[in-house]
Amino acid sequence: MLPINSKEGSAARLLFLPGLMCDSRIFAAQTGRFPGSVAVHGYGLLRTITDMARRALETVSGRLSLVGHSMGARVAIEAFRLAPERIERIALLSTGIHPPRPGEAEARHALRDVGRAQGVEALVDQWLPPMLAPGRRQDEAVMAPLRTMCREVGVEVFAAQVEALLDRPLVEPVLPQITCPTLIAVGSEDRWSPPAQHEEIAAALPHAQLRVIAGAGHMLPAEAPEQLNATIAEWLSWPTHAQGVS
C-alpha cells in the first residue's frame, strides 16, 4: 500500500467526501488502500453545501488532498472556496458544475416523495440501479453493500441533501482559482454525469487532467475500486506548485 505521506505521495492528509445518500462506506476500498486517509462519515441533516464543506474542513486539521464523489465533489469545491490555503490538491469524481437544470427539482422531489410515502427500500430500489453501469446492477458483491448503505442513510438525509443540491452554490467564480493539481475522473458508463460533462469540467480548471475509467457507472469508488485507486495514486504523485507546477 502507498502511504499518503511517502516520497511518492502527498504530504497533505487525504480526505474523501461522499455524495448523495452515501457515507464513508462508499470509500471502503480507498481508505483501505491509502493508510492515514480519512472519509467524512456523512453530513447528517445538513441542508447546504456550505455547511457540508465546513464539516469536511473540521474533520481533520492541516493541509488536505480532497477527493469528492458526486455531491461530495461540489462539497470539495466549496471547501476550496472557504479555505484555499489548506487544499494541496483536489479530485472531482462523477460530478457536475452546472446549476440546477429544468425539471431537476421535480425529479429529485419525486424520489423524495417515494421514500416518504413508500419507505426507504422503495426509494433505494428506484434510485440506486441507474447509478451503476448496466453490467454491475446484477452483481450482488457490488450492489448489496451499496443498497445497505443507502437504506441506512435513510429518507430524511436524502431529503436534506436534495435541498442542498437544489440550492447549490454557483461554482464558476471558484473554478479559475483552483490551480492545484486537479484530477477529474468518471466511469465510461456513467449515465447520470457522463464523460462529456467531465470534459467540460476539466476544460474549466487550470491544472486538471481527465481520466475515464472503463466499465464503471456513477458509483465509481465501489464499481471500479482498483482502477480508481491506481488513478488516485497517480494523482498524488503529480507535483504541486512548490514542486514545480506553474
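Reader: Which residues lie nearest the centre of the largest pocket?

Author: Happy to start there, with the reminder that this is a predicted model. The largest pocket has a volume of about 490 Å³, and 28 residues line it. Those nearest its centre are His98, Glu104, Arg108, Met131 and Trp192.

Reader: Which helix gives the largest share of the lining of the largest pocket?

Author: Four helices each supply at least two residues of that lining: helix 3 (71-82), helix 4 (104-118), helix 5 (120-127) and helix 7 (155-166). By class, the lining has 12 nonpolar, 11 polar and 5 charged residues. The largest share, 4 residues, comes from helix 4.

Reader: At roughly what angle do the axes of helix 4 and helix 5 cross?

Author: Good one to ask about, and it helps to look at the contact first. Leu111, Val114, Gly115 and Gln118 in helix 4 meet Val120, Ala122, Leu123, Gln126 and Trp127 in helix 5. By class, the residues of this contact are 6 nonpolar, 3 polar and no charged. The two axes come within 6 Å, and they cross at roughly 145 degrees.

Reader: Which helix gives the largest share of the lining of the second largest pocket?

Author: About 170 Å³ of space lies in the second largest pocket. Its lining has 13 residues, and Arg25, Ala28, Pro145, Leu146 and Ala222 are the closest to its centre. Two or more lining residues come from each of helix 1 (28-33), helix 6 (140-153) and helix 9 (220-223). The largest share, 6 residues, belongs to helix 6.

Reader: How many residues of each class are in the lining of the second largest pocket?

Author: Let's take this one class at a time. There is 1 charged residue in the lining, and there is 1 polar residue. The nonpolar residues number 11.

Reader: Which residues line the largest cavity?

Author: The structure holds 1 cavity of 30 Å³ or more, and the largest cavity has a volume of about 30 Å³. Its lining divides into 3 nonpolar, no polar and 3 charged residues. The residues are Ile49, Arg74, Glu78, Arg168, Pro169 and Val171.

Reader: Which strands stand at the edges of the sheet, and why is one side of each left without a neighbour?

Author: Picture 6 strands forming an open sheet in the order 2-1-3-4-5-6, with parallel pairing. Each edge strand has a single partner strand, so one of its sides has no neighbour in the sheet. The edge strands are strand 2 (38-39) and strand 6 (208-213).

Reader: Which residue in strand 2 stands opposite phenylalanine 16?

Author: Strand 1 (residues 13-17) pairs with strand 2 in the parallel sense, over 2 bridges. Opposite phenylalanine 16 you will find, in strand 2, alanine 39.

Reader: What angle does the direction of helix 10 make with that of strand 4?

Author: Two helices are worth looking at here. Helix 8 (residues 195-204) lies across strand 4 (87-93), strand 5 (182-187) and strand 6, and runs at about 175 degrees to strand 5. Helix 10 (residues 225-237) packs on the sheet, where it touches strand 1, strand 3 (64-69), strand 4, strand 5 and strand 6. With the direction of strand 4, that of helix 10 makes an angle of about 150 degrees.

Reader: Over which residues does pLDDT stay under 50?

Author: For the protein chain, the mean pLDDT is 94, and 93% of its residues reach 70 or more. One stretch stays under 50, and for this stretch the model has 29 contacts beyond four places in sequence. That stretch is residues 1-10.

Notes
Residues are numbered from 1 along each chain as its sequence is written. This is a predicted model: local features need pLDDT of at least 70, side-chain atom pairs count only at pLDDT 80 or more; totals for chains, interfaces and linings use all residues. Side-chain values use heavy atoms; hydrogens and water are left out. On a 1 Å grid over the protein atoms alone, a cavity is a set of points where a 1.4 Å probe fits but cannot get out, and a pocket is an open set with protein on both sides within 12 Å along at least five of seven lines; lining residues have an atom within 4 Å of a point. Grid points are joined across faces, edges and corners, and a volume is the space filled by probe spheres set on the points. Ala, Val, Leu, Ile, Met, Phe, Trp, Tyr, Cys and Pro count as nonpolar, Asp, Glu, Lys and Arg as charged, and the others, Gly among them, as polar. Axes are lines fitted to C-alpha atoms, for helices over the stretch in contact, and angles run from 0 to 180 degrees between N-to-C directions. Contact means heavy atoms within 4.5 Å. pLDDT is the predictor's confidence in each residue, from 0 to 100. Two strands pair if DSSP finds at least two bridges between them.
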